[in-house]
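Subject: A structure for you to look at

Hello,

As promised, here is the structure I mentioned. Please open it alongside this message, and my notes on what turned up follow just below.

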Amino acid sequence: MKIVKKVLIGFGSLIIILVAVAIIVPIVFKDDIKAAIDKEIAKSINADVIFDADNFDLTVFRNFPNVTIEIKELGVFNHAPFEGTAFFVVQQIDIEVNLKDILFSDQLKLKGITLLKPQIDIRVLTDGTANYDITYPSTDTSTVESEPAKFSFGIDHWEIVNGALAYDDRSLPFSMLLSGLNHTGSGNFNEVSFDLTTHSVADSVTVTYDGVEYLTNKNAVVDAIIGISEDYSLYTFKDNTAKLNDFAMSFDGWFKMNENDFGMDINFKSPENTFKSILSLVPGMYTKDFDKIETKGDLSFSGFVKGTYSESQMPAFNLTLNVNDGMFKYPDLPTAISNINLDLLVDNKTGVIENTLVDIKKLHLDFGNNPVDARLLIENLKDYKLDGNIKATLNLAELGKMFPMEGLQMKGTYSVNANAKGVYDSLKKIIPAINASMSLSNGFVKSSEFPLPLEDLKFNATVQNTSGRMAETFIAVKNFGMLLDGEKVTAELLLQNLDDYTWDLKVNGSLDLEKITKIFPIEGMTLAGKVKANIQTNGKYSDVEASKYDRLPTSGTASMTGFTFNSSDLPYAVSVSSAEAIFDPKKIEVKNTQGTIGKSDFALNGAINNYIGYLFGPNETIKGTMNFKATLLDLNEFMTETEETTATDSASYGVIPVPSNIDFVLHSDIKTVKLMDFTLTEASGDVIVKDGVADLHGIKFNMLGGSFVVDGAYNTKDINHPKYDLALKINNLSIQQAASSFSIVQTYAPIAGLVNGNFTTDFNINGELGQDMAPKMNTIDAKGLIKVAQAALTQSKLVSGITSLTKLEDTQQVTLKDVIMSATINEGKLSVKPFDVKFGDYVTNISGSTGLDGSINYLLKMNVPAGKLGSELQGFINQNTGAKNSTSEIPISIALGGTYKDPKSTLLTQEQTAQVKEAITNVAEEKGQQAIEGALKGDKPEDIIGGLLGTKKDTSKVKADSASVKSDTTKTDLKQETQKVLQDKLQNLLKKKKN
């Protein structure tokens with residue numbers, strides 16, 4: 001009732017503001033009206049009040065002499081913690097005010113309020129916070145002398161037309177839904193004590209408490225006169241009746257709202273004594289033909305609720321229900337349910353819920369010629385000490401007609417005879433002693449939701465427990481059978497020891513999966529195919545928990561034909577044309593299994609181990625060995641989707657995960673494999689899957705015109721950072737194909753795209769893959785040999801740059817023959833050790849590296865006949881050797897730098913200096929010997945020295961072509977170096993001569 005008070009205060013505040021402003025300012029000032037109302041609402045209402053000034057109207061004609069204020073389409077929406085929730089929405093509010101009071105009185109008396117199609121949603125959170133508490137608390141604590149109220153709430157009447165109320169109080173927890181609510185009432189709330197008179201009708205009432213639905217879609221009519229006093233805290237029930245469907249109940253007493261609890265003393269009873277009234281509360285009974293049901297019998301119903309209700313206390317309560325010689329019969333049924341007798345007592349004398357007694361002293365009824373007898377005594381709700389029994393034989397077809405359930409059709413004879421006595425204590429693992437037997441024969445079940453019926457249902461079952469200990473419970477189900485569209489299934493089950501479930505199960509039969517999924521549809525999935533099985537299994541649940549799966553013997557056979565599987569979560573379909581399996585406790589032997597997965601086909605045979613552990617254990621690994629054959633395996637269909645794609649991508653691939661709970665050896669023989677943009681043929685080898693790693697052993701295949709052999713590992717333990725470690729043997733693969741297909745070649749050896757020829761390699765490589773399955777170039781670590789039998793390179797900037805530097809003719813083509821390159825990739829750099837190629841006719845030795853950024857750093861060494869060099873380079877050689885038109889080979893070194901796209905060729909002068917030094921040393925050896933011979937002949941010393949230094953006058957007067965020799969620092973250094981070498985050489989020679 002505190003809720004009622006707060007709701008009334010909230011509504012009252014809102015209505016008073018609307019009435020006051022609407023009366024003071026007429027229709028002409030609607031915009032000003034809305035602004036004024038918004039301002040006043042903002043002061044006192046902690047919610048968003050949504051309305052339109054154009055939806056205000058004022059008339060004196062509708063309820064003259066009262067003035068009627070009409071407001072259409074108004075809504076109140078809560079703030080946090082109920083933000084976005086519509087607390088109150090109404091199509092129209094009519095408020096009546098006395099015209100005389102407007103004209104001549106200082107007080108305005110509200111004569112009536114009408115709500116047309118209101119929707120009220122009341123919510124209370126577990127901490128007691130309520131969405132109806134929408135008024136701001138007063139911050140003014142000063143005491144002022146109260147003035148007479150200018151508004152009177154003594155309403156003559158109020159009305160709700162076709163409303164809906166939802167009340168959800170999670171602090172109790174309690175919920176109530178009312179729809180089709182029509183209500184009228186009156187009362188003068190200005191009085192200290194007054195009577196509230198109401199009449200309410202609801203088309204549908206649903207009441208739920210603590211998750212249990214006690215009333216479902218019941219029709220309700222309530223007439224009440226309630227005395228309200230003591231500042232809205234005491235409610236006295238004077239003349240009150242409530243009717244649910246056809247069951248009426250009257251109540252009297254009082255209800256008091258105290259500061260910390262609720263006091264009450266309420267008595268209720270049924271004023272009518274007919275059995276038909278309570279029959280209307282049975283689900284499915286109260287229909288439009290309820291009046292046509294023939295009934296008889298007497299009814300008595302009474303009870304009370306007395307005491308205090310608080311967070312820690314319940315009031316005492318009592319309920320008694322007696323039915324004597326009841327009977328009802330549908331007009332279109334040949335038989336009646338008769339001899340209905342019920343004696344029910346629910347009693348709680350202390351208010352402690354655990355002390356509630358439920359005693360069904362007698363329950364008897366006859367379903368035609370089939371009697372039902374039952375009794376049940378539950379002494380408390382703590383250890384549920386009980387004593388009960390039930391014995392019945394039911395004709396399900398008659399039962400379905402007597403209690404029709406829409407869309408459900410049943411047939412068959414069901415019998416039960418059960419006795420139970422003792423206590424139920426889950427902590428102590430104690431249950432009542434039980435002796436029960438059940439059976440079903442000629443069963444038939446069909447639902448409108450399922451197109452096919454279950455036919456020929458039958459079983460015999462017993463439940464035995466003589467001690468009350470859960471470990472000594474025995475449940476047996478024998479002769480179970482059913483027929484689904486001609487497919488028969490039989491089974492037997494022995495289950496015992498509820499402390500450690502011990503079972504022995506046998507199943508034999510066939511199922512049509514398509515028909516099963518029509519009966520039990522699975523959202524986003526379709527299944528088809530026929531499964532036949534004859535399986536027996538037994539064991540203990542403790543062995544499952546202890547992973548002792550060898551103690552769970554399972555045996556039998558199973559086969560499948562015409563199986564198909566489609567799921568909205570998978571982009572491909574799975575089909576199995578045939579499959580056979582033979583079970584034993586350790587393994588499943590798979591035979592003659594053929595099918596397709598998407599575009600791929602497969603044929604399997606082998607063995608699966610630890611399948612029981614895999615099914616029952618949360619961290620168990622399934623093991624096995626399989627022989628896998630296929631004509632096509634399209635791995636692209638199994639790749640996970642990547643998060644990012646570009647507009648130019650024709651396809652988006654992702655990481656292929658390797659399951660961590662699979663330990664399998666897969667012997668494969670596949671004609672064609674599609675992997676990203678590659679097509680592999682004649683693939684064979686072994687794949688060992690274990691701990692999230694796929695180990696490859698002797699994987700052979702043909703691709704891009706070459707043959708491959710792969711050993712190594714593919715690791716997806718960290719799916720975000722998949723790794724690979726491979727040993728590759730490739731034979732006779734096109735160099736250009738490799739450059740266009742493999743990103744590693746494109747990155748580290750882009751020049752390969754211009755080379756015509758094939759290569760063979762023996763290469764070890766490891767690194768990390770990206771989410772698109774492409775290698776991360778900065779993680780590659782590799783080494784190996786690359787063999788090229790015959791290849792040629794033309795039309796490259798690298799070649800033209802060297803030709804331009806050396807001025808050599810016929811060097812526009814580079815040829816490779818019987819070349820072996822030793823290469824490594826590390827820290828983003830490809831390095832190659834020296835190897836020989838031919839620039840035209842000139843043998844050239846190459847070594848160096850290519851960087852991940854495209855940079856190149858190579859050294860080229862070649863021996864060139866001096867006469868073939870350009871004039872500038874030839875003059876340089878002549879100046880420092882004294883030779884002219886020498887026919888000897890001159891070694892030159894060239895640095896190749898820059899980037900692949902913008903190469904830079906440079907003659908290495910320091911390297912050239914060393915080469916010249918070596919040449920001059922050789923010349924000095926020759927001339928030194930000539931000096932010795934001259935000394936022996938008696939030549940003058942100055943002539944000998946002049947000859948060595950090249951300053952001796954020659955009578956032939958060979959003219960030096962001074963124009964071809966440039967006086968630069970490099971040549972001066974070379975000449976000084978030459979003189980020093982010759983002087984040292986001379987001293988050595990002279991020492992030798994002296995000796």
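A word on burial before anything else: a residue is called buried under 20% relative accessible area, exposed over 50%, and partly exposed in between, using a 1.4 Å probe and protein chains only. By that scale S542 is partly exposed, because its relative accessibility is 28%.

Please keep in mind that this is a predicted model, where local features need pLDDT of at least 70, side-chain atom pairs count only at pLDDT 80 or more, and totals for chains, interfaces and linings use all residues. Residues are numbered from 1 along each chain as its sequence is written, and side-chain values use heavy atoms, with hydrogens and water left out.

**The overall picture**

The protein has 995 residues, and 38% of them are buried. It holds 15 helices and 46 strands; these are DSSP runs numbered from the N terminus, with helices being H or I of at least four residues and strands being E of at least two. About 55400 Å² is exposed, with carbon and sulfur atoms supplying 54% of that (Shrake-Rupley method, 1.4 Å probe; for residues, only the protein chains shown count as cover). Taking contacts (heavy atoms within 4.5 Å) between residues at least 6 apart in sequence, 52% join residues at least 24 apart.

**Three strands in a row**

A good place to start looking is β18 (residues 357-367) and β19 (residues 370-378), which pair in the antiparallel sense over eight bridges. Two strands count as paired if DSSP finds at least two bridges between them. The two form a hairpin with two residues between them, and G368 in the turn has a positive phi of about 65 degrees. Along this pairing, L363 has A374 in β19 as its bridge partner. On to the next strand: β19 also runs antiparallel to β20 (residues 386-395), with seven bridges joining them. There, V372 stands opposite A392 in β20.

**Salt bridges**

How many salt bridges are there? The count is 15, where a salt bridge is a side-chain nitrogen of Lys or Arg within 4 Å of a carboxyl oxygen of Asp or Glu. Here are three of them:

- E487 and K530 meet at 3.5 Å, N to O. This pair links distant parts of the chain, with E487 in β25 (residues 487-496) and K530 in β27 (residues 525-540), 43 residues apart. E487 counts as buried because its relative accessible area is 12%, while K530, at 40%, is partly exposed.
- K72 and E70 meet at 3.7 Å, N to O. K72 is partly exposed at 35% relative accessibility, and E70 is buried at 8%.
- K904 and D902 have their closest N and O atoms 3.6 Å apart. K904 is partly exposed at 47%, and so is D902 at 42%.

**Around β27 and α7**

V531 lies in β27 and is partly exposed, with a relative accessible area of 24%. Setting aside neighbours within four places in sequence, V531 is in contact with G509, S510, L511, L513, S559 and M560. Its C-alpha is 7.2 Å from that of A558, 27 residues away in sequence. S542, the residue from the start of these notes, is found in helix α7 (residues 541-545). The C-alpha atoms of S542 and D500 are separated by 6.1 Å, although the two are 42 residues apart along the chain.

**Nonpolar cores**

A nonpolar core is a set of buried Ala, Val, Leu, Ile, Met, Phe, Trp, Tyr and Cys residues joined through side-chain atoms within 4.5 Å. Which members of the largest core touch the most other members? Of its 80 residues, they are F701, Y714, I765, I780, V788, F839 and L860. Strand β41 (residues 813-826) gives the largest share of this core, six residues. Another core, of 48 residues, lies apart from it, and I69, I122, Y167 and F255 are among its members. As for Y714, its contacts beyond four places in sequence include V655, I656, G692, P722 and M773.

Do send me your thoughts once you have had a look around.

Best wishes
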